[in-house]
Amino acid sequence: MANALIQLHGLTKHYQMGSTIVRALDGVDLTINQGEFVSITGQSGSGKSTMMHLLGCLDRPTAGQYILDGQVVSSMLDSQLAAVRNQKIGFVFQTFNLIQRTPAIDNVSVPLFYGRRGNTRERAMRALERVSLDKRATHKPSELSGGERQRVAIARAIVNEPKIILADEPTGNLDTRTGTQIMKIFHELNASGVTVILVTHEMDVAVQAKRVIRMRDGKIVEDKPVDESVRKELLGAHANVEAAIAAAQKTAPATTSQSDKPPPPIARPVEA
Ligand SMILES: Nc1ncnc2c1ncn2[C@@H]1O[C@H](COP(=O)(O)OP(=O)(O)O)[C@@H](O)[C@H]1O
Ligand SMILES: [Mg+2]
């Protein structure tokens with residue numbers, strides 16, 4: 001597998017919460033090749049963000065192996081992980097995570113300082129050009145729209161020319177039209193050879209990738225390439241689920257459960 005960029009073998013992340021163990025990631029095997037465009041979907045709590053943190057070398061697994069670009073990163077020291085992160089990975093978050101009182105160009109430059117790269121301003125400007133925001137280089141985040149802020153964040157993510165972009169719900173805080181513009185940028189980056197991995201719980205966003213992975217309870221429960229028929233099928237299934245939820249909400253009182261498991265049987269009257 002010459003072009004396997006990411007290889008996970010039994011990747012596991014457990015959290016000890018008092019006497020219970022939360023299996024946030026439960027033995028995941030996965031290969032992602034150089035140049036893929038993958039979305040990871042699943043309900044809240046299914047392990048998507050945990051997966052992104054591990055893929056992004058922001059966290060270490062409890063067990064299992066992560067090989068990134070031929071290097072076993074799962075056993076690296078923090079300082080080595082930081083270097084890998086800076087060289088190979090760009091992050092985009094739902095909430096943009098920009099430094100507020102700082103012009104766009106300086107936000108974009110931040111990874112260059114960590115990487116001790118030269119020509120800082122020129123590189124940052126080039127990254128802003130790639131997201132068509134060079135004309136807003138001196139604007140602070142507060143002077144930009146949500147979509148523009150996310151474009152600054154993407155410029156920051158690509159300024160070091162990473163092999164991988166990891167985006168966790170990048171369109172979650174944006175309206176549909178702006179979200180579509182952001183997705184267009186990810187498509188362009190992918191077309192230029194960057195591997196894009198995107199977490200979203202919105203199926204209409206997920207199906208824009210070339211491969212959709214669905215998670216549940218810390219495991220991968222579905223993994224398929226997206227062609228036109230699969231896109232229709234996934235969107236249709238999603239529409240059915242949405243319709244069923246809407247119908248259930250009309251007839252039943254609202255519940256706060258985020259899980260799709262049935263509630264436990266009630267053995268005795270529940271106190272209010
Ligand atoms: N730092 C943590 N400590 C304890 N439990 C956590 C922690 N982070 C995540 N979890 C738990 O792991 C599970 C997966 O979480 P997460 O990866 O954030 O899911 P998602 O992004 O799909 O909503 C959830 O049950 C969550 O409560
Ligand atoms: Mg999450």
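Visitor: How does the shell around ligand 1 split by residue class?
Guide: The shell has four nonpolar, seven polar and one charged residues. Here Ala, Val, Leu, Ile, Met, Phe, Trp, Tyr, Cys and Pro count as nonpolar, Asp, Glu, Lys and Arg as charged, and the others, Gly among them, as polar. This is a predicted model, where local features need pLDDT of at least 70 and side-chain atom pairs count only at pLDDT 80 or more, while totals for chains, interfaces and linings use all residues. Residues are numbered from 1 along each chain as its sequence is written, and chains are lettered from A and ligands numbered from 1 in the order in which they are written.

Visitor: Which residues surround ligand 1?
Guide: Tyr15, Met17, Val22, Ala24, Gly42, Ser44, Gly45, Ser46, Gly47, Lys48, Ser49 and Thr50. The criterion is a C-beta atom, placed from the backbone, within 6 Å of the ligand. Two or more of these residues come from each of β1 (4-17), β2 (20-33) and α1 (48-55).

Visitor: Which element gives the most?
Guide: α1, with three residues.

Visitor: OK, the sheets. What is the strand order in the open one?
Guide: β2-β1-β4-β5, with antiparallel pairing. Strands are DSSP runs of E, at least two residues, and helices are runs of H or I, at least four, numbered from the N terminus. Two strands pair if DSSP finds at least two bridges between them.

Visitor: Which strands stand at the edges?
Guide: β2 and β5 (71-72); each has a single partner strand, so one side of each is left without a neighbour in the sheet. Further in, β1 and β4 (residues 63-68) pair over five bridges, and Thr12 is opposite Ala63 in β4.

Visitor: And β9, what does it pair with?
Guide: β9 (residues 211-216) runs parallel to β3 (residues 37-41), joined by four bridges, with Ser39 opposite Val212. β9 also pairs with β10 (residues 219-225), antiparallel, over six bridges.

Visitor: How many residues sit between β9 and β10?
Guide: Two, in a hairpin; Asp217 in the turn has a positive phi of about 50°. Arg216 has Lys219 in β10 as its bridge partner.

Visitor: Now the whole chain. How many helices and strands?
Guide: Eight helices and ten strands. The radius of gyration is 20 Å, close to the 19 Å that the globule rule gives for 272 residues, so the chain is as compact as a globular protein of that length. That radius is taken over C-alpha atoms, and the rule is 2.2 Å times the number of residues to the power 0.38.

Visitor: What box do the C-alpha atoms fill?
Guide: Roughly 70 × 45 × 40 Å along the principal axes.
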